[in-house]
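Here's a quick briefing to read with the model open beside you. Have the sequence handy and click along as you go.

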Amino acid sequence: MSTALLNALAGATVQDLYRELLLRIGEDPSRDGLLKTPERMEEALKFLTSGYEQDALEILHEAYFESEYGGMVVVRDIEFYSMCEHHMLPFFGRAHIAYVPNKKVIGLSKFPRLLNMYARRLQVQERLTEQVAHAIMQTTHAQGVAVVIEASHLCMMMRGVEKQNSTTSTSTMLGIFLSETQTRSELLSILAPKGGR
């Protein structure tokens with residue numbers, strides 16, 4: 001990109017850029033229905049990428065509680081919405097997060113908060129899965145952490161191959177979920193679809 005173009009863009013506001021985008025696709029940003037669209041787009045993008053302004057350590061800070069519980073903890077079906085970094089179209093679905101504590105348990109509300117933090121960035125599903133798992137492992141020193149995400153991607157549904165019924169599953173297994181077959185099998189049994197679902 002040329003220096004002149006960079007200088008010209010540096011003086012433009014986000015709303016100016018959105019107005020230009022509307023013009024480039026053949027729309028009239030001055031018509032009634034689009035007058036406030038650049039403002040709304042800026043607000044929406046700020047919300048959808050608000051995860052860049054958050055930190056995993058701050059979310060999990062003071063969320064630990066001493067406990068002798070050493071079994072598995074599974075939080076299922078945590079819904080999330082994210083933006084594909086390749087086309088900036090949404091992908092959304094459910095995450096299942098499991099961990100085996102190491103003398104400390106975590107407040108359950110922290111898992112959705114952590115997932116939202118990473119989801120509200122430009123993402124790919126594979127990286128999102130790994131980021132959530134590694135953040136929990138590194139901050140809690142759990143015996144093991146597992147994250148499974150199932151999602152639908154509008155970049156596949158609305159454009160390209162246009163496959164509306166396709167879903168993508170990703171998983172990251174750390175600690176004893178990776179090293180112990182029995183622990184991993186127990187988790188997969190818990191997550192297996194039940195009759196009637």
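E42 is found in helix α3, which covers residues 37-48. Keep in mind while looking at E42 and everything below that this is a predicted model. The other places worth a click are a buried arginine, R121, a pair of cysteines, C84 and C155, a handful of salt bridges, including E20 with R24, and a nonpolar surface patch made by L5, L9 and L17.

**E42 and its contacts**
- E42 is partly exposed, and its relative accessible area comes to 30%.
- Once you set aside neighbours within four places in sequence, E42 is in contact with V14, Q15 and Y18.
- V14 sits 28 residues from E42 along the chain, yet their C-alpha atoms are separated by 6.5 Å.

**Helix α2 and the nonpolar patch**
- Helix α2 runs over residues 14-24, and L17 is part of it.
- L17 is partly exposed, at a relative accessible area of 41%.
- On the surface, L17 joins L5 and L9 in a nonpolar patch, and together they have about 240 Å² of accessible area.
- Helix α2 also holds both E20 and R24, which are 4 residues apart, or about one turn of the helix.

**Salt bridges**
- How many salt bridges are there? The count comes to 6, and three of them are described here: E20 with R24, E27 with R31, and R76 with D77.
- In the salt bridge between E20 and R24, the closest N and O atoms are 2.7 Å apart. E20 counts as partly exposed at 35% relative accessibility, while R24 counts as exposed at 68%.
- E27 and R31 meet through their side chains at 3.0 Å, N to O. E27 is partly exposed at 29% relative accessibility, and R31 is partly exposed too, with a relative accessible area of 38%.
- For R76 and D77, the N to O distance in the salt bridge is 3.9 Å. R76 is partly exposed at 26% relative accessible area, and D77 is also partly exposed, at 23%.

**R121, a buried arginine**
- Where does R121 sit? Look in the loop between α5 (110-119) and β5 (122-123).
- R121 is buried but has no salt bridge. The nearest side chain of opposite charge belongs to D55, 6.6 Å away, and a salt bridge needs the nitrogen and oxygen within 4 Å.
- What does R121 touch, not counting residues up to four places away in sequence? The list is L48, T49, G51, Y52, Q54, S82 and M83.

**Cysteines**
- How many disulfides does the structure hold? The number is 0.
- The closest cysteine sulfur to that of C84 is in C155, and at 4.2 Å it is too far for a bond. The cut-off for a disulfide is a pair of sulfur atoms within 2.5 Å.
- Seen from the other side, C155 is in no disulfide either, with the sulfur of C84 as its nearest cysteine sulfur.
- Are these cysteines buried or exposed? C84 counts as buried at 5% relative accessibility, and C155 counts as buried at 12%.

Methods:
Residues are numbered from 1 along each chain as its sequence is written. This is a predicted model: local features need pLDDT of at least 70, side-chain atom pairs count only at pLDDT 80 or more; totals for chains, interfaces and linings use all residues. Side-chain values use heavy atoms; hydrogens and water are left out. Helices (H or I, at least four residues) and strands (E, at least two) are DSSP runs, numbered from the N terminus. Buried means under 20% relative accessible area, exposed over 50%, partly exposed in between (1.4 Å probe, protein chains only). Lys and Arg count as positive and Asp and Glu as negative; His and the chain ends are not counted. Contact means heavy atoms within 4.5 Å. Patches are made of residues with over 30% relative accessible area and no salt bridge: like charges are joined within 9 Å, nonpolar side chains (Val, Leu, Ile, Met, Phe, Trp, Tyr) within 5 Å. Accessible areas come from the Shrake-Rupley method with a 1.4 Å probe; for residues, only the protein chains shown count as cover.
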